[in-house]
Amino acid sequence: MADPREESEPLLSRTRGGSARHTPAGVPSCHSVQVGPGAVARRDLCLDQAVVFIEDAIQYRSINHRVDARSLWLYRRYYSSTSQWTLSFTIFLILALAFIETPSSLTSTSDVRYRPAPWEPPCGLTEGVEALCLLVFAADVSVKSYLVGWAQFRKNPWLLAYLVVLLVSLVDWTVSLSLICQEPVRVRRLLRPFFLMQNSSMMKKTLKCIRWSLPEMASIGLLLAAHLCLFTVLGMLLFPGEKDDRRDRQRLTYFRNLPEALTSLLVLLTTANNPDVMIPAYSKNRLYAIFFIAFTLIGSLFLMNLLTAIIYNQFRGYLMKSLQTSLLRRRLGIRAAYKVLSSTTAEGEAHPEGVGVKPQDFLQVLQKVQLDSDHKQAITEKLHSRSGDLLSADEFQKLFDEFDKRVIKEHPPRPEYRPQFLQSAQFLFGHHYFDYLGNLMALGNLVTICVFLVLDAHVLPKDRDDFVLGILNCVFILYYLLEMLLKVFALGLRGYLVSCSNVFDGLLTAVLLVLEISTLAVYRFPHPGWKPEALGLLSLWDVTRLVNVLIAFRFLRIIPSMELMAVVASTILDLIRNMRAFGGILAVAYYVFAIIGVTLFRGVIVAPGNSSLAPDNGSAPCGSFEQLEYWTNNFDDFAAALVTLWDVMVVNNWQVFLDAFRRYAGPWSKIYFVLWWLVSSVLWVNLFLALILENFLHKWDRRSHLQSLTGDLGATSEVTVELLFRDVLEEPTEEELTEKLSHHPHLQLCR
């Protein structure tokens, strides 16, 4: 690769109509000199620039980075699969340290009554791993900063925050070692999720959309707060204390004071304590039910659903905005590649700006692009099918429409049999009706298992007679084996394995066959009164349960056979793939709140008998933390904190956690749990619901359009989400692309 110092003029130099005001000195030129020893090096540089721009377009990356030869080499190495996997593993590793660091989560249970003393890593072990991770992140931010340039680095808040987080983490790491790992708080633990967020462009976009929606969500939040405060005051006035303690349960239990009343109604907003909070007052006077019914109607059924509607309204264009931005980045990267390649065509031509791209230059670039061979072959075939010498900008663009098609393998030809009998058998066992028969048999097998589960529900495993069920399972498994062999006969081995449904079916059948043979070898053939003793690792009952579980999983094979169910299942899978950013946001929230919870509440939940605050179960009030034996829900380690936060997010019995931690840690603990409820159950769940609605409705309404597209494409490709919505996206104009390219910080093109 040529030394970039050999180049002295920017790409499409000033004499070609460009302005050099944004071009740093020393940026190489593709064709500023058309003859001489540097011409080949400049041509190679242009090809390398085109390769990188096309890879940016494939991955929807920004093209605003350095484009000299040395930077292009570093850029491609940075975005190679090895480098990105290393960075992803490093992020996973530094986040996973929370499970090993003090307090360690390496115990079999989190129950404070039975939990053994965990293994604690020696000082310096996790700190050494963390130091390696910080070195990787330091190299990452250094490479990113160099590639985008100092001017862009100063304007990028994420890169600036990246640097600050690294510096704070390094200082805190130094303090830990100087205090021999005995510091009470590790600030850097709270900062670790930032490394996950900054490495995901979709998570950054999601955070930006949440920030845009906060004002509208705050307005409905104020309405909820006003509603809650008003009914709290009304409740305090309606349920005053009386002399009769038996008739004063409402006041003493739920409206003892203003904070207790506010907490009780906040929990009622989630319906977690309904109708418990209403029963004492309702038993005194039936008219008191109007108070609680009105509160629930206004708060839970109206305001909370109105909040969901507002969030959906704010996010209804999120998917389209994201796809529109991705489309612009793709078009911009492809146009930049076209510009630099067309500049090589202009060398030696009469017209200095050139008229297109040579097909041979494009093929040379395509071979260097990191792209799977199927897409390369599809683009090459499309290129050879055209006529003409040079590729115009429009033709160049259309070649890359193949990126929006997931190339799938064609079904290999079926084996050919000469005898008429074998041909008839091949037609019969290769027909989709044979699949329907297999689905019917799988359903029958599942029904028999359910029948025996109901009949033996009150029989202990050691007293069960598994003779009939064992015989039926053996018969069904033999049928599954026969079905698999007949399909291989009809479709051929390659034709059988090309279907994911067949592979799933075949693997489970093979596992079931191995388990059945093992059972027969150890316990012999079933017979009446078949109750053999446990032999080996698994008892007969354990093997039977495992077989039944696999049979239940095998029943999922019916999904591809039912068109409506297949559409729903594929939509759900697409939603999971396209909503990883929201899963990442939730993971970040869990991580931060878990670390805060461990810091605040570690050790506050004590085993019964070890504290006056932890009564025995017999003396504990009904429905309390102690009576329900929620001892595993604590913040004594990171893993236990995650499970506790999940239980609170579900808001089933979350008033039990509020009451327990109020007694064990203090009334201020309610602030922590209410904040977690707002972030997880109110904000995140509603955001997730809004995006599910938008994605699902878009995909559902446009499934006929999807079928027409796949029908046109044939059996060789399937569409991506981008192509599915392409007709509702706005194509960037020529002026917009030219304007964007003219403001490239490291690449100057003529206007």
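Q: How many salt bridges does the structure hold?
A: The structure, which is a predicted model, holds 26 salt bridges.

Q: Cool, let's pick Arg192. Which side chain meets Arg192 in a salt bridge at 2.7 Å, N to O?
A: That partner is Glu101. The two sit in distant parts of the chain, 91 residues apart. Arg192 is in the loop between α7 (187-191) and α8 (193-198), while Glu101 is in the loop between α3 (81-96) and α4 (125-148).

Q: And is Arg192 buried or exposed?
A: Arg192 counts as buried, because its relative accessibility is 1%, and buried means under 20%.

Q: What about Glu101, buried or exposed?
A: Glu101 is buried too, with a relative accessible area of 1%.

Q: Which residue forms a salt bridge with Arg192 where the closest N and O atoms are 3.1 Å apart?
A: Glu130 does. Glu130 lies in helix α4 and Arg192 in the loop between α7 and α8, so this pair ties together parts that are 62 residues apart in sequence. Glu130 also counts as buried, at 1% relative accessibility.

Q: Let's move on. What does Arg662 pair with?
A: Arg662 forms a salt bridge with Glu260, and their closest N and O atoms are 3.5 Å apart. Arg662 belongs to helix α27 (residues 654-664) and Glu260 to helix α11 (residues 258-269), which puts them 402 residues apart.

Q: Are those two buried or partly exposed?
A: One of each! Arg662 is partly exposed, with a relative accessible area of 24%, whereas Glu260 is buried at 13%.

Q: Back to Arg192 for a second. Which residues are joined into one network by salt bridges that share partners?
A: The network joins Glu101, Glu127, Glu130, Asp172, Glu183, Arg186, Arg188, Arg189 and Arg192.

Q: New topic: helices. How far apart are the end C-alpha atoms of α16?
A: They are 16 Å apart. Helix α16 (residues 373-384) has twelve residues, and at 1.5 Å a residue it should span 16 Å, so the two values agree.

Q: Which residues of α16 are buried?
A: His375, Lys376, Ala378, Ile379, Thr380 and Leu383 are buried there.

Q: Last one: what makes up the nonpolar surface patch of about 520 Å²?
A: Leu437, Leu440, Leu443, Val447, Val451 and Leu455 make that patch.

Q: Where is Leu443 found?
A: Leu443 is in helix α19 (residues 432-455). With a relative accessible area of 38%, Leu443 is partly exposed.

How values were computed
Residues are numbered from 1 along each chain as its sequence is written. This is a predicted model: local features need pLDDT of at least 70, side-chain atom pairs count only at pLDDT 80 or more; totals for chains, interfaces and linings use all residues. Side-chain values use heavy atoms; hydrogens and water are left out. Patches are made of residues with over 30% relative accessible area and no salt bridge: like charges are joined within 9 Å, nonpolar side chains (Val, Leu, Ile, Met, Phe, Trp, Tyr) within 5 Å. Accessible areas come from the Shrake-Rupley method with a 1.4 Å probe; for residues, only the protein chains shown count as cover. A salt bridge is a side-chain nitrogen of Lys or Arg within 4 Å of a carboxyl oxygen of Asp or Glu. Helices (H or I, at least four residues) and strands (E, at least two) are DSSP runs, numbered from the N terminus. Buried means under 20% relative accessible area, exposed over 50%, partly exposed in between (1.4 Å probe, protein chains only). The expected span of a helix is 1.5 Å times one less than its number of residues.
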